[in-house]
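Let's take a walk through this one together. Have the sequence and the 3D view open, and follow along chain by chain.

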Amino acid sequence: MPVPIDELVTRYKRGVPESLLPLLQEIQAEFGFLNEEAIVTVGLYLNLPASKIYGIATFFDQFRFVSQGRYHLRVCRGTACHMNGSASVLREVEKILKINEGQTTRDGHFSLEAVGCMGACSNGPVININGEFHNAVTSAGIAAIIDQFRKKA
Amino acid sequence: MDDKEILISEVLPGKTVLPDKQTLDRLAVLRHDKIKIPVIYIGSGTCGMVAGAADTISATRKYIEEKKIVADIIEVGCIGLCSFEPMLDVQLPGKARVSFRNIVAENVESLLDDVFNGEIPKENVLAQFPNELHDPWDGVPNIEKLPFFALQHRIVLKHCGRINPGSIEEYIARGGYQTYLKCVNNYTSERICELVDESGLRGRGGGGYATGKKWIMANNTVSDQKYLICNAAESDPGAFMDRAVIEGDPHLLLEGIVIAAYAIGATKAYIYVMADYGLAYNRLRISIDQMKQYGLIGYNVFGSGVDMQILLVKGPGAFVCGEETALIRSIEGKRGMPEPKPPFPAIEGLFKRPTVVNNVETLANVPFILKHGPQKFNVIGTPNSKGTKVFALSGKSMMTGLIEVPMGTTLRDIIFKIAGGIQEGKDFKAVQIGGPSGSCIPVQQLDLQVDYESLWDAGAIMGSGGLVVMDENTCMVDMAKFFMNFLNKESCGKCIPCREGTRRIHEILENITRRPSTESGHDTLERFKGIMQLEGLSEVIRDTSLCGLGQTAPNPLMSALTWFRDEFEEHIFDRKCRAGVCKELRVYYIDVDKCTGCVACLRKCPTNAIVGQPRQPHFIVEDKCIGCGMCFDVCKFVAVMVK
């Protein structure tokens with residue numbers, strides 16, 4: 001059971017704008033994404049307009065505004081992975097799951113995100129599913145990996 | 001007395017009298033120089049984890065439990081050989097520590113069986129760590145003599161992969177934090193700034209500004225509060241030096257941070273870590289707690305009257321936050337957008353107070369300089385670039401991973417001697433240095449020395465230290481497109497030339513890699529206009545952007561255009577990609593000798609571009625083909641080829 005937002009905000013000082021990013025990070029860690037209620041509540045608490053908070057939150061890559069799927073796929077789009085063909089892996093995943101990057105499947109099982117670099121450049125392309133790494137993924141092999149998780153879901 | 005008390009009372013104050021034998025023995029145990037039970041070290045940095053270290057660890061745990069062996073398992077950071085992960089080292093009492101490569105869970109049992117029986121299996125053995133207290137193994141090479149390590153000079157990475165990153169005791173037993181206490185007790189902050197200035201240390205984050213000068217400027221500014229910020233916002237694709245240092249030897253960085261904070265008169269230090277770096281963040285959190293327990297931070301550190309506080313900040317992920325003014329704004333809870341300098345952060349930075357922002361690697365060099373004196377440091381390197389530089393090697397080289405070389409080493413030495421050349425014996429094409437806003441260095445310039453001046457003269461930048469090696473199968477237009485796409489996404493949007501210019505460049509590159517059949521209207525004409533505009537556009541972006549990111553944004557394109565112009569022209573005029581990377585420009589044909597007429601491709605083709613009778617060779621009608629590659633994927637006889 002996640003902690004309610006009203007209670008979460010009280011862990012930070014009222015009206016201090018520096019608390020904004022850590023607070024948003026904590027809310028996202030708790031709920032998986034930022035919804036309208038969260039932004040409005042934080043705005044009232046920190047004395048910032050909701051538009052400004054939305055502006056700041058959309059500026060950074062970390063914040064999401066739609067809920068994550070049960071399995072969150074992160075495909076590395078760093079330089080080394082790109083050279084080893086991560087673009088076609090990403091396209092293949094989009095085709096299999098029928099979603100674009102940044103979206104969640106309708107049944108809520110999968111969500112897809114393309115990330116900058118996961119720092120594991122020697123064995124690309126790397127994908128990460130709920131913290132579990134798969135390295136040297138090929139566009140042919142990705143279907144089997146996704147199937148594995150689909151069965152679990 | 002327990003270990004902690006001994007370390008606090010005997011070791012940390014750095015007494016001139018040698019501690020008694022009993023204490024020395026204890027230190028040797030903490031350093032793992034003397035061990036009573038076998039120790040197994042497993043490389044568990046992010047690179048190790050990706051390669052499957054988690055399974056290796058659980059397999060090892062299971063093994064020693066089942067066989068009822070009493071042994072220690074230590075999760076160490078990355079030693080730099082990322083392509084050999086997961087790595088597993090075994091140290092038996094009295095024997096040298098020996099390292100094995102590519103130990104996945106299935107190999108653990110047979111390997112450990114052999115080693116505990118006193119035998120070294122031939123396969124997967126890498127090298128042993130020489131130590132005069134230990135008996136060496138026969139027939140196992142010395143790790144320092146491996147070509148990968150022989151040319152390296154390790155200051156920052158000295159203990160990475162060797163030391164237990166979760167143990168402050170081991171770090172102190174190896175001489176850690178004594179320099180810090182020497183500084184706060186014996187040196188004034190002015191003196192430390194002078195010493196660092198004398199060493200010639202320059203910022204390793206990319207700019208190359210003299211660290212000592214920055215510190216002196218901040219130290220001379222009078223203020224009620226000053227801040228030190230450690231910039232670990234490493235979000236370049238292809239760079240992972242900071243992550244590896246934090247994961248492998250967090251206390252080295254923390255010692256650098258507290259010394260730097262004391263040197264500028266700051267009592268608060270921030271560490272700005274990427275939110276993606278979960279392991280690094282946790283390591284730092286644990287290490288800071290350990291420092292608190294040892295009284296190394298807090299009020300009145302070891303009776304010196306110095307107060308010190310370290311705060312961890314999770315960076316919410318934006319490439320531009322590597323720029324210091326943007327990073328400061330992000331800590332203040334604003335959008336991470338750069339601001340004009342001056343005023344420099346050292347005069348007016350975080351919360352309008354003097355602030356020094358230093359990169360992880362810069363700070364990790366500080367303990368060495370103050371421990372051994374600036375003279376030991378400034379003999380390494382070239383006249384204007386002192387010390388060493390850590391590079392993250394990735395791409396198509398034989399070995400990939402982390403290396404640390406003296407400034408002035410040539411790229412040829414790095415790629416062909418240290419990294420062992422190119423995979424599968426292919427030809428070297430270029431190396432991308434300095435991250436996404438760096439430059440491509442072609443084969444003609446391989447003898448370029450890596451130091452700030454030489455790189456600058458060659459039109460490249462040091463950047464944070466990513467080296468991406470490209471072979472003949474890499475398309476330079478595609479790489480330029482990739483980097484421009486990245487920079488376009490990461491542009492903060494403050495300056496129009498950077499925000500719009502990178503987008504236009506990306507569009508032009510998209511245009512020239514597009515298939516003719518998908519062009520409409522004036523697209524065909526635009527292609528030719530594009531190449532003429534690229535250079536002008538790049539110059540405008542370079543000259544009119546505010547921050548370093550914008551000014552260097554056209555670099556990957558400019559350097560590729562300088563050295564690989566023929567490849568660009570080939571894409572435009574001949575619609576050909578010689579590396580075969582640009583999918584839309586591929587032209588497929590069927591090798592009549594190999595085709596068996598199985599009709600698999602004929603059935604799959606979405607545009608009916610393949611003609612032929614069953615059991616007769618097929619043909620592709622080029623005009624109808626849209627180049628989807630379906631036939632290529634489906635052919636079992638490798639008869640479909642790319643022209």
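In what order do the five strands of the open sheet in chain B run? The order is S11-S10-S14-S12-S13, with mixed pairing. Keep in mind as you look that this is a predicted model. At the edges of the sheet sit strand S11 (401-406) and strand S13 (439-442) of chain B, each with a pairing partner on one side only. On average, neighbouring strands here are turned by 30 degrees against each other, if you ignore direction.

Now zoom in on the S11 edge. Strand S10 (residues 388-395) of chain B pairs with S11(B) in the antiparallel sense, over six bridges. Within that stretch, Leu393(B) stands opposite Gly401(B) in S11(B). Lying across S10, S11 and strand S14 (466-471) of chain B is helix H11 (residues 241-248), which runs at about 110 degrees to S10(B).

Step back to the domains. The assignment for chain B lists domain 1 (31-145), domain 2 (168-378), domain 3 (388-474), domain 4 (477-574) and domain 5 (586-642). The C-alpha centres of domain 1 and domain 3 of chain B are 30 Å apart, and five residues of domain 1 are in contact with five residues of domain 3.

Further along chain B, look at helix H19 (residues 476-490) and helix H24 (residues 565-574): their axes come within 9 Å and cross at roughly 95 degrees. That crossing angle is why H19(B) counts as roughly perpendicular to H24(B). Met476(B), Val477(B) and Ala480(B) are what H19(B) brings to the meeting, while H24(B) brings Glu567(B), Phe568(B) and His571(B). Sort the residues of this contact by character and you get four nonpolar, one polar and one charged.

A few backbone details deserve a look too. Most residues other than glycine have a negative phi, and most peptide bonds are trans. Chain B has a cis bond from Glu85(B) to Pro86(B), with omega near -5 degrees; Pro86(B) is in the loop between strand S2 (72-76) and strand S3 (88-91). Pro342(B) and Pro343(B) are also joined by a cis peptide bond, with omega about 5 degrees, and Pro343(B) lies in the loop between helix H14 (324-331) and strand S9 (355-359) of chain B.

Over in chain A, Asn47(A) has a positive phi, near 65 degrees, in the loop between helix H3 (36-46) and H4. As for confidence, chain A averages a pLDDT of 87, with 99% of the residues scoring at least 70.

Conventions: Residues numbered from 1 in each chain as written. Chains lettered and ligands numbered in written order. Predicted model: local features only at pLDDT ≥ 70, side-chain atom pairs only at ≥ 80, totals over all residues. Heavy atoms only, no water. Axes fitted to C-alpha atoms, helices over the stretch in contact; angles between N-to-C directions. Helix = DSSP H or I, 4+ residues; strand = E, 2+ residues; numbered from the N terminus. Parallel < 35°, antiparallel > 145°, perpendicular 65-115°, else oblique. Contact = heavy atoms within 4.5 Å. Nonpolar A, V, L, I, M, F, W, Y, C, P; charged D, E, K, R; others polar. pLDDT = per-residue confidence, 0-100. Pairing = 2+ DSSP bridges. Domains from an automatic or database assignment.
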